[in-house]
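Biologist: Got a minute to go through this model with me? I'd like to talk about sheets and aromatic rings.

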Amino acid sequence: MLCCVAGMAVAEEKNILVTSGSDRATPIAVVPFGLQGGSVLPEDIADIIGNDLRNSGYYSPIPRQNMISQPSQASEVIFRDWKAVGAQYLMVGSITPAGGRLQIQYTLFNVATEQQVMAGNVSGTAEQLRDMAHSISDKSFEKITGIKGAFSTRLLYVTAERFSVDNTRYNLQRSDYDGARAVTLL
């Protein structure tokens, strides 16, 4: 997606706020993914997925402090726990380091029917965690809504920094759809 900005734009970091969507966001629980060995990761993949789904305007992630249990694989899910907190969907997952890469397995459930909606896996490096999280969000969103997810989208935009009336610096920048990982290209 390419955003063209005419005129002056102030160079400051802002979050994107979705002001419309569903009248009633669907409650979804994105449980922190279990890490099988290895060290602490630089990004929280479940947090990124939850934010992606919230940003769509269609979903309302269940806060972690409200989660009765925190399963990391399908066999550990107790649907009664998720019905009690009002979740309509539940995502669990695990991360396994393997030879310098990370293998992420995830499963999405419909809590009311107690059925698996989808399962999948992605792999990449620790530096690609955000990309993998956005990919999982895209696939999950499309599976539930039938609408192609756009969380892996990148934004191109121009910022302007005015130093004086005759001195303005313009920068071409690229970021994730949510403003994360902004880099100056030109």
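Modeller: Sure, here is a quick chat about one sheet and some aromatic pairs.
Modeller: This is a predicted model, so local features need pLDDT of at least 70 and side-chain atom pairs count only at pLDDT 80 or more, while totals for chains, interfaces and linings use all residues. Residues are numbered from 1 along each chain as its sequence is written, and side-chain values use heavy atoms, leaving out hydrogens and water.

Biologist: What is the strand order in the open sheet of 3 strands?
Modeller: The order is E7-E8-E9, with antiparallel pairing. Strands are DSSP runs of E of at least two residues, helices runs of H or I of at least four, numbered from the N terminus, and two strands pair if DSSP finds at least two bridges between them.

Biologist: And which are the edge strands?
Modeller: E7 (154–164) and E9 (183–184), each pairing on one side only.

Biologist: Over how many bridges do E7 and E8 pair?
Modeller: They pair over 10 bridges, with E8 covering residues 167–176. Arg162 stands opposite Thr168 in E8.

Biologist: Switching topic: how are the rings of Phe151 and Tyr177 arranged?
Modeller: Their centres are 5.7 Å apart and their planes at 65°, so the pair is edge-to-face. Rings of Phe, Tyr and Trp (its six-membered ring) pair if their centres lie within 6.5 Å; planes under 30 degrees apart are stacked, over 60 edge-to-face, the rest tilted.

Biologist: Where do Phe151 and Tyr177 sit in the chain?
Modeller: Phe151 is in the loop between helix H3 (129–145) and E7, and Tyr177 in the loop between E8 and E9, 26 residues apart.

Biologist: Which residues form the aromatic cluster?
Modeller: Tyr58, Tyr59, Phe141, Phe151 and Tyr177.
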